[in-house]
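User: Please take me through this structure with a few questions and answers.

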4 protein chains.
Amino acid sequence: MLRFGVIGAGRIGKIHAENLANRVPGAEVAAIADVNLEMAQETAARLRIPAVYADYHQILADPNIDAVAICSSTDTHAHIVVEAAQAGKHIFCEKPIDHDLAKIDAALEAVKKAGVKLQIGFNRRFDPNFAHVRELVSQGKVGDLHLLRITSRDPAPPPVSYVKVSGGMFLDMTIHDFDMARFLSGSEVEEVFVAAGVLVDPGIGEAGDVDTAIITLKFANGAIGTIDNSRKAVYGYDQRVEVFGSGGMAAAANNTPHNDVYVDAEGVHAAKPLYFFLERYMESFIAEMKAFVAAVQNDTTPPVGGMDGRIPVVIGMAAKKSYLENRPVKLSEIG
Amino acid sequence: MLRFGVIGAGRIGKIHAENLANRVPGAEVAAIADVNLEMAQETAARLRIPAVYADYHQILADPNIDAVAICSSTDTHAHIVVEAAQAGKHIFCEKPIDHDLAKIDAALEAVKKAGVKLQIGFNRRFDPNFAHVRELVSQGKVGDLHLLRITSRDPAPPPVSYVKVSGGMFLDMTIHDFDMARFLSGSEVEEVFVAAGVLVDPGIGEAGDVDTAIITLKFANGAIGTIDNSRKAVYGYDQRVEVFGSGGMAAAANNTPHNDVYVDAEGVHAAKPLYFFLERYMESFIAEMKAFVAAVQNDTTPPVGGMDGRIPVVIGMAAKKSYLENRPVKLSEIG
Amino acid sequence: MLRFGVIGAGRIGKIHAENLANRVPGAEVAAIADVNLEMAQETAARLRIPAVYADYHQILADPNIDAVAICSSTDTHAHIVVEAAQAGKHIFCEKPIDHDLAKIDAALEAVKKAGVKLQIGFNRRFDPNFAHVRELVSQGKVGDLHLLRITSRDPAPPPVSYVKVSGGMFLDMTIHDFDMARFLSGSEVEEVFVAAGVLVDPGIGEAGDVDTAIITLKFANGAIGTIDNSRKAVYGYDQRVEVFGSGGMAAAANNTPHNDVYVDAEGVHAAKPLYFFLERYMESFIAEMKAFVAAVQNDTTPPVGGMDGRIPVVIGMAAKKSYLENRPVKLSEIG
Amino acid sequence: MLRFGVIGAGRIGKIHAENLANRVPGAEVAAIADVNLEMAQETAARLRIPAVYADYHQILADPNIDAVAICSSTDTHAHIVVEAAQAGKHIFCEKPIDHDLAKIDAALEAVKKAGVKLQIGFNRRFDPNFAHVRELVSQGKVGDLHLLRITSRDPAPPPVSYVKVSGGMFLDMTIHDFDMARFLSGSEVEEVFVAAGVLVDPGIGEAGDVDTAIITLKFANGAIGTIDNSRKAVYGYDQRVEVFGSGGMAAAANNTPHNDVYVDAEGVHAAKPLYFFLERYMESFIAEMKAFVAAVQNDTTPPVGGMDGRIPVVIGMAAKKSYLENRPVKLSEIG
């Protein structure tokens with residue numbers, strides 16, 4: 001049994017706690033911590049978690065705890081990674097590690113020094129649709145990769161107050177797509193060009209961010225990619241990918257709450273996509289935890305490592321620079 | 001908390017135990033029993049179920065247990081329903097209650113007398129695809145029902161040894177489709193005609209059963225239905241329904257492990273259906289238990305009651321008679 | 001150049017005339033005849049057909065005409081087939097040849113005696129969807145055939161006045177599905193059972209016919225089939241088939257005017273099927289004529305011969321008898 | 001009857017000649033000309049076109065000819081437009097008018113001066129899929145346009161010899177997509193950024209062209225678009241579009257030779273897209289001619305006018321410049 005301490009009892013903390021408690025064989029939740037103690041207590045009671053703390057240092061101090069799931073606010077991730085590594089805990093950390101490359105590097109250094117496992121929460125790699133597309137690429141079914149397309153549209157924009165602290169759309173939302181681009185292509189992004197605008201909510205523009213974008217990626221292997229983002233698709237969460245190469249094409253469609261069609265005098269009607277990430281990625285949240293537990297138990301490398309957490313932040317920074325300067329930006333310009 | 005005793009720790013018993021333990025809020029598993037004690041112990045250990053018995057009577061004798069999930073072999077269902085009712089336990093019973101109408105009637109009488117809740121395990125009603133088709137019918141979107149079509153094909157036939165004790169395909173496999181026909185149409189079957197044969201496995205024929213059938217149903221509301229069954233679809237579990245009426249048509253397609261297409265010089269390729277009922281109906285097994293728990297907690301009528309368990313057995317008997325006599329058989333001929 | 005005389009300038013006559021004139025290489029229309037001379041003249045003018053007659057005998061008398069397309073009313077088909085055969089013309093005859101088996105047999109006898117080619121207008125065999133399903137069956141991709149399903153629903157019922165002279169739904173509408181069943185299965189129907197009713201239009205019932213049916217077919221090769229018919233699908237012409245066997249399944253979906261989806265807050269919306277046979281079977285009307293012209297030019301057997309015209313009439317008669325007597329009827333009972 | 005002279009009897013000339021002769025009511029082909037007289041004669045014989053010339057000036061000199069369809073090689077288009085306009089003929093001209101803006105402007109000026117109708121052969125606007133997407137945009141169903149996506153991939157690259165005279169991929173192939181972008185968005189492109197490479201055929205690179213590209217478009221109305229191109233999709237012609245806006249999304253899928261699925265133990269298999277433009281755009285070639293004939297007959301503005309021929313050439317030039325200079329290029333830089 002891998003004994004977890006869950007740090008942070010917000011939306012994503014609750015999901016990981018419940019999955020670790022009930023759906024990930026070989027794992028159990030020994031403690032949960034949140035500065036909002038009441039929130040942590042409520043989850044602890046529901047999931048019969050024995051220990052609840054306001055201060056996560058109590059988790060780090062508990063010698064019976066093997067691993068932590070860091071689900072606190074983004075600005076605390078890097079620091080807790082360092083402390084957890086020093087305490088000898090294996091670490092599952094939600095994305096992004098940080099928006100500051102120096103802090104990321106310090107965190108990765110601490111992990112390396114401590115010799116603990118680190119996995120970053122890019123859960124979409126574990127989605128059955130995307131994992132299967134990756135498998136087709138890996139098997140050579142797509143041949144040499146020529147084109148990659150990602151559509152990633154949220155059902156509704158976050159509050160402007162959140163936008164202000166989010167690091168901007170590219171680091172908050174598109175970061176998942178940058179990870180997906182690396183994952184599907186098996187290659188590194190070298191250059192980024194962004195066309196973007198404020199088409200959904202003027203308040204987002206006033207906060208200095210964009211809400212709609214098309215991003216061109218040039219990969220080291222010669223392939224070219226495009227990501228389209230919107231903060232608001234009225235029909236729900238739109239999460240599709242397509243890879244195209246010398247051998248063929250593979251594409252993932254959206255998931256829906258049911259597979260029915262209703263046909264009347266107006267036409268054929270089917271369900272719109274699942275509403276948002278909680279619905280769409282339920283399975284992948286479980287699968288990523290199973291993979292992390294397996295990596296710790298078998299002493300293997302976790303499937304989404306520290307550099308997988310760092311590189312999408314670099315791409316996000318290049319994207320922002322490209323947008324501001326209206327020119328293609330090489331990743332080597334960032335660091 | 002509704003405290004359950006699970007009777008039977010075979011394939012379906014394990015599923016219900018795990019769902020009650022981990023996925024049905026408001027329920028917990030207090031005990032599990034199986035004549036194969038070791039099998040019960042293994043499940044109890046995995047799910048941390050405190051009590052394990054070889055004899056289910058110990059569950060019935062425990063005053064702290066509120067409800068039982070009867071997952072033992074079919075020939076024991078009716079008898080355990082009677083005993084559980086007499087012990088004052090609410091009852092979730094796997095289908096079919098029995099193959100003998102007299103025993104079914106005795107069981108239903110005992111339930112009625114005891115005033116306990118009874119729900120039959122026709123889980124497909126809780127499948128999101130089928131539930132949504134039913135909803136469209138209920139909302140009047142299909143108008144007056146004219147035609148109903150059910151395709152129900154298994155990925156592989158059961159062993160001939162099982163076929164011999166199963167009651168035959170109509171009572172073992174098609175019984176789910178008879179329930180679905182009643183559920184979707186909101187009407188009762190009045191007459192059945194069966195064309196059937198042994199096209200999959202001659203051993204099934206030697207055991208006195210069929211493995212392939214087309215069944216015509218006439219409903220009280222004037223609608224007509226057709227069910228097609230096969231014991232072996234090489235591409236997996238094929239579970240589709242269609243309703244057609246004066247207002248339109250609604251149809252449920254199969255579920256697949258992913259929603260990708262791969263396109264090469266040969267054509268477009270997509271995933272075949274999920275392999276069998278464990279994969280396909282995972283969600284509906286959880287949903288039916290949630291509904292049962294809610295019915296007990298709120299003291300309402302469970303959504304699949306005793307007569308819903310009895311009537312499909314009658315239809316199955318009429319189907320067998322129709323096949324043997326090659327003529328349409330009215331349900332009123334059966335009882 | 002195969003020189004055609006088109007007999008009958010109604011709806012289907014116009015289609016064949018236009019296809020022969022413009023879309024079937026190697027064919028031309030030398031004359032058109034209709035008792036309604038004005039109607040024939042209008043078509044002749046549009047298509048630049050040189051000769052127009054009120055009396056089709058003038059076509060039969062023209063030694064420069066090689067073949068006739070019989071598109072007149074059903075009650076005249078058998079008689080004209082005989083006359084055309086005697087005149088040495090190759091014959092394309094719309095379905096059905098007749099509703100009377102003796103008349104059909106006389107017509108087939110005349111054709112045989114004259115040694116001319118005869119093709120019956122079961123155009124659906126030439127539809128790309130159905131032809132491809134047949135090809136999969138022929139190639140063994142479906143393995144041994146176990147189940148066959150045909151859905152055939154019209155967008156709107158014919159006028160009751162037409163119903164009265166149509167021979168009934170089974171001979172007028174389902175006859176195409178009986179042909180499709182034989183075509184797809186490559187086997188002969190031996191027994192029929194019909195469940196039917198009047199659910200669309202009470203006037204059809206008053207005229208002694210039905211408008212909704214489910215028909216069970218038993219084939220000589222052991223397979224079982226089901227056809228569902230409705231005279232009114234509010235969403236348009238519903239024409240689907242499915243074959244299932246030991247090797248897999250093949251299914252044809254409907255055709256639509258475009259392949260778009262529109263997704264809004266309500267769901268995904270796509271086009272309903274093409275409205276009726278003129279839209280859906282445009283290609284197959286051309287392809288059947290090309291096949292007929294090729295058979296004449298190459299002196300080969302036309303792909304839909306005289307017995308292919310006779311047998312579906314027998315099945316239709318058995319279907320009617322089954323409905324009236326509520327029992328399975330063997331084709332051997334009919335003749 | 002609108003009497004046409006078809007200039008050029010190559011692949012596209014043959015298509016237009018056949019459509020005008022047989023499938024466009026109100027039109028007829030009075031003459032056909034090609035420097036390869038034999039090729040023109042062969043088509044004339046097949047379609048019974050009365051006059052055949054090696055020199056198209058004979059068409060222009062014939063006072064009984066009302067309109068010309070210019071289907072000769074690209075480098076002759078602009079010049080023939082001028083001559084045809086001066087001869088008072090209405091003009092249907094294949095795309096592009098020319099690769100030289102001065103020549104295009106001279107041609108448009110001659111058309112204007114002569115007062116004849118001019119329609120450019122951007123046939124895809126008449127494709128039922130794309131026309132319906134445009135209709136949804138026009139009706140406001142998509143709301144304010146935010147994102148536009150076009151996938152346009154050919155089944156096989158042209159010979160390198162052709163590539164050398166084609167003007168490059170952007171003017172030869174993507175030009176259709178630039179037209180589609182304008183058509184679907186109802187807005188003008190203001191800026192272009194191109195990422196491209198030689199991934200299909202090194203010979204294309206040696207000829208100074210690219211074979212794979214992703215093109216970002218910024219529109220005057222604030223929307224952003226992306227086009228992805230490949231000269232070689234092993235699965236055939238891939239022609240999809242998607243528009244996304246504040247009200248929803250509309251997308252056009254590919255067309256296939258049939259709508260069947262075949263399901264075996266490996267999965268679900270369906271037909272790949274129609275092979276190339278001759279198959280895919282057969283209907284749109286007819287529809288564009290019907291629209292041109294109607295515009296002449298009703299003295300209305302043809303639906304694809306001279307500026308619709310000029311602007312995509314400008315976008316293509318900007319695309320090439322963007323690729324060469326690796327920076328976004330404004331159309332105002334071109335002219």
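The turns below cover a sheet in one chain and then a contact between two chains.

This is a predicted model, in which local features need pLDDT of at least 70, side-chain atom pairs count only at pLDDT 80 or more, and totals for chains, interfaces and linings use all residues. Residues are numbered from 1 along each chain as its sequence is written, chains are lettered from A and ligands numbered from 1 in the order in which they are written, and side-chain values use heavy atoms, with hydrogens and water left out.

User: Which strands stand at the edges of the open sheet of six strands in chain D?

Analyst: Strands are DSSP runs of E, at least two residues long, numbered from the N terminus, and two of them pair if DSSP finds at least two bridges between them. The order in chain D is β3-β2-β1-β4-β5-β6, with parallel pairing. Each edge strand has a single partner, so one side is left without a neighbour in the sheet; these are β3 (51-53) and β6 (118-120) of chain D.

User: What is the bridge partner of D:Phe4 in β4(D)?

Analyst: Strand β1 (residues 2-7) of chain D pairs with β4 (residues 67-70) of chain D in the parallel sense, over four bridges. In β4(D), the partner of D:Phe4 is D:Ala67.

User: Which residue stands opposite B:His269 in β14(D)?

Analyst: Strand β14(B) and strand β14 (residues 267-270) of chain D run antiparallel and are joined by three bridges. Opposite B:His269 stands D:His269.

User: Which element gives the most to the side of chain B that touches chain D?

Analyst: Two elements give two or more residues to that side, β13 (260-264) and β14 (267-270) of chain B. The most, four residues, comes from β14(B).
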